[in-house]
Amino acid sequence: MSIRTLDDLLAEGVSGRRVLVRADLNVPLDKQSGSIADDGRIRGVLPTLGALTEAGAKVVVCSHLGRPKGSPDPQFSLAPVAGRLGELLGTAVHFATDTVGESARATVAALADGEVALLENLRFTKGETSKDDAERGAFADQLAALGDVYVDDAFGAVHRKHASVHDVPARLPHVAGRLVLREVEVLSKLTGDPDRPYVVVLGGSKVSDKLAVIEALLPTVDRLLIGGGMCFTFLKAQGHEVGSSLLEKEMVETCRSLLARADGKIMLPVDVVAADAFAPDAAHDVVPADGIPSHRVGLDIGPKTVAGFTAALKQSAFGESTNAKTIFWNGPMGVFEMPAFANGTRGVAEAIAASGAFSVVGGGDSAAAVRALGLDEKAFGHISTGGGASLEYLEGKTLPGIAALEN
């Protein structure tokens with residue numbers, strides 16, 4: 001990979017230059033208060049922003065938040081993010097109330113060296129996500145006019161062919177920020193020649209969301225552990241009843257084929273926590289994975305499964321003298337947001353953290369679970385900021401944002 005980096009840019013000098021930084025500030029917001037529920041993605045871009053401000057750049061940050069429909073929507077405003085970003089940077093962040101309009105132009109024009117501005121949500125403008133090249137390009141022209149050089153530090157968005165990710169780099173000198181560079185370096189280890197044993201832990205809701213990465217990883221991994229809502233489609237493929245648990249009926253035959261081709265690499269739950277309803281206070285108990293009552297819904301993996309998955313990360317599962325040396329984890333093992341159904345995710349996460357392996361947490365809900373459950377982030381080798389981007393990288397897909405930086 002041949003990409004110019006932030007250090008290359010800093011060596012040239014950025015004092016007084018407008019540096020347009022595409023960040024991923026798509027943080028979860030509390031539905032009732034509107035406050036930031038997890039600021040991990042904001043923290044992720046701090047090394048790049050800090051280096052630029054210290055070097056005297058006029059830093060113009062842009063990002064999306066949520067899925068607005070191409071027009072302003074107050075519930076998706078980046079205003080709360082501007083406040084939190086300022087707190088973490090230790091300096092005021094000037095907030096533009098539009099993206100490329102009068103407020104944005106005036107806010108950027110008023111920046112002094114070493115100051116930071118944040119533009120309003122990119123997706124408030126249709127051109128950001130448009131599939132029409134001309135419409136997307138027109139928006140990219142306006143956005144590029146706010147900077148002299150472009151830095152992409154939004155790994156969570158590099159798999160999108162959006163104006164701020166794919167088209168702006170063609171209009172400005174461009175480099176990869178520290179977060180993007182680190183993500184690519186880490187994931188390259190997983191797609192190259194990872195230290196073995198190599199174990200992948202997959203969870204989350206749907207098999208269909210993870211099918212491509214399962215297909216890509218199955219020939220190369222030593223063990224694939226499957227939990228979360230997606231496990232029930234696999235259990236159904238084994239002929240087990242799954243009650244009212246999440247089930248993708250159209251994926252049952254696909255799962256049956258995967259199991260047949262896996263040569264014993266795939267491990268599924270042997271017990272689950274089954275509840276009367278999808279609710280935090282629902283009555284629940286542990287049942288065998290092949291004995292889920294018809295009226296119950298599986299919401300977590302059970303303790304025997306946690307123990308089995310933990311063993312699969314250790315020497316006894318491989319007949320070798322070492323624990324797993326490389327681990328990739330993407331997707332929670334259950335509905336971790338509800339305390340009664342968080343033990344599976346916690347147990348597997350703790351086993352990964354204690355394994356001594358080079359461990360990569362594949363962003364999204366997995367990263368949120370690490371923080372929500374109060375686990376030590378430093379116990380993991382790397383916590384990705386891009387769930388979808390991480391998976392597509394491991395699938396071997398060309399990521400538009402990375403390809404744009406290589407050009």
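In what order do the six strands of the parallel open sheet lie? The legends below start there. This is a predicted model, in which local features need pLDDT of at least 70 and side-chain atom pairs count only at pLDDT 80 or more, while totals for chains, interfaces and linings use all residues. Residues are numbered from 1 along each chain as its sequence is written, and side-chain values use heavy atoms, with hydrogens and water left out.

**View 1. The six-stranded parallel sheet.** Reading across this open sheet, the order is E3-E4-E2-E1-E5-E6, with parallel pairing. At the edges are strand E3 (93–95) and E6, each of which pairs on one side only. From one strand to the next, the twist averages 25 degrees. A few words on terms: helices (H or I, at least four residues) and strands (E, at least two) are DSSP runs, numbered from the N terminus. Two strands pair if DSSP finds at least two bridges between them. Axes are lines fitted to C-alpha atoms, for helices over the stretch in contact, and angles run from 0 to 180 degrees between N-to-C directions.

**View 2. Strand E5 and the strands it pairs with.** E5 covers residues 149–153, and five of the five are buried, so the strand is largely enclosed by the rest of the structure. Here, buried means under 20% relative accessible area, exposed means over 50%, and partly exposed is in between (1.4 Å probe, protein chains only). One face of E5 carries Val149, Val151 and Asp153, the other Tyr150 and Asp152, and both faces are covered. Strand E1 (residues 18–23) runs parallel to E5 and is joined to it by five bridges; look for valine 19, whose bridge partner in E5 is valine 149. Three bridges link E5 to strand E6 (residues 174–176), again in parallel, and there aspartate 152 has alanine 176 as its bridge partner.

**View 3. The three-stranded antiparallel sheet and helix H12.** This open sheet has the order E11-E10-E12, and its pairing is antiparallel. Strands E11 (284–288) and E12 (297–301) stand at the edges with a single partner strand each, so one side of each has no neighbour in the sheet. The twist averages 40 degrees from one strand to the next. Strand E10 (residues 271–275) pairs with E11 over five bridges, and aspartate 271 finds its bridge partner in proline 288 of E11. Lying across E10, E11 and E12 is helix H12 (residues 303–312), which runs at about 40 degrees to E12.

**View 4. Phenylalanine 234 in the largest nonpolar core.** A nonpolar core is a set of buried Ala, Val, Leu, Ile, Met, Phe, Trp, Tyr and Cys residues joined through side-chain atoms within 4.5 Å. The largest one has 68 residues, and Leu119, Leu143, Leu224 and Phe234 touch the most other members. Setting aside neighbours within four places in sequence, phenylalanine 234 is in contact (heavy atoms within 4.5 Å) with Val207, Ile214, Ile226, Cys255, Leu258, Leu259, Ile266 and Leu268. There's also a second, separate core of 28 residues, which includes Val19, Leu78, Leu85 and Val116.

**View 5. Helix H15 and leucine 394.** H15 (residues 387–395) is home to leucine 394. Seven of the nine residues of H15 are buried, so to speak of the helix as mostly covered is fair. What covers the buried residues includes H8, helix H9 (207–217), strand E13 (326–330) and helix H14 (364–372). Leucine 394 itself is buried, with a relative accessible area of 6%. Not counting residues up to four places away in sequence, leucine 394 touches Leu187, Leu190, Thr191, Val213, Ala216 and Phe328. Its C-alpha atom and that of valine 213 are separated by 6.6 Å, although the two residues are 181 residues apart along the chain. After H15 comes glycine 396, with a positive phi near 90 degrees.

**View 6. Two loops with backbone features to look for.** Arginine 196 and proline 197 are joined by a cis peptide bond, with omega about 5 degrees. Proline 197 lies in the loop between helix H8 (178–191) and strand E7 (198–202). Aspartate 263 isn't a glycine, yet has a positive phi of about 55 degrees. The loop that holds aspartate 263 runs between helix H11 (252–261) and strand E9 (266–267). At 70% relative accessibility, aspartate 263 counts as exposed.

**View 7. Lysine 189 over the ring of phenylalanine 358.** The charged end of lysine 189 sits over this ring, 4.7 Å from its centre. A charge sits over a ring if NZ of Lys or CZ of Arg is within 6 Å of the ring centre and within 35 degrees of the ring normal.
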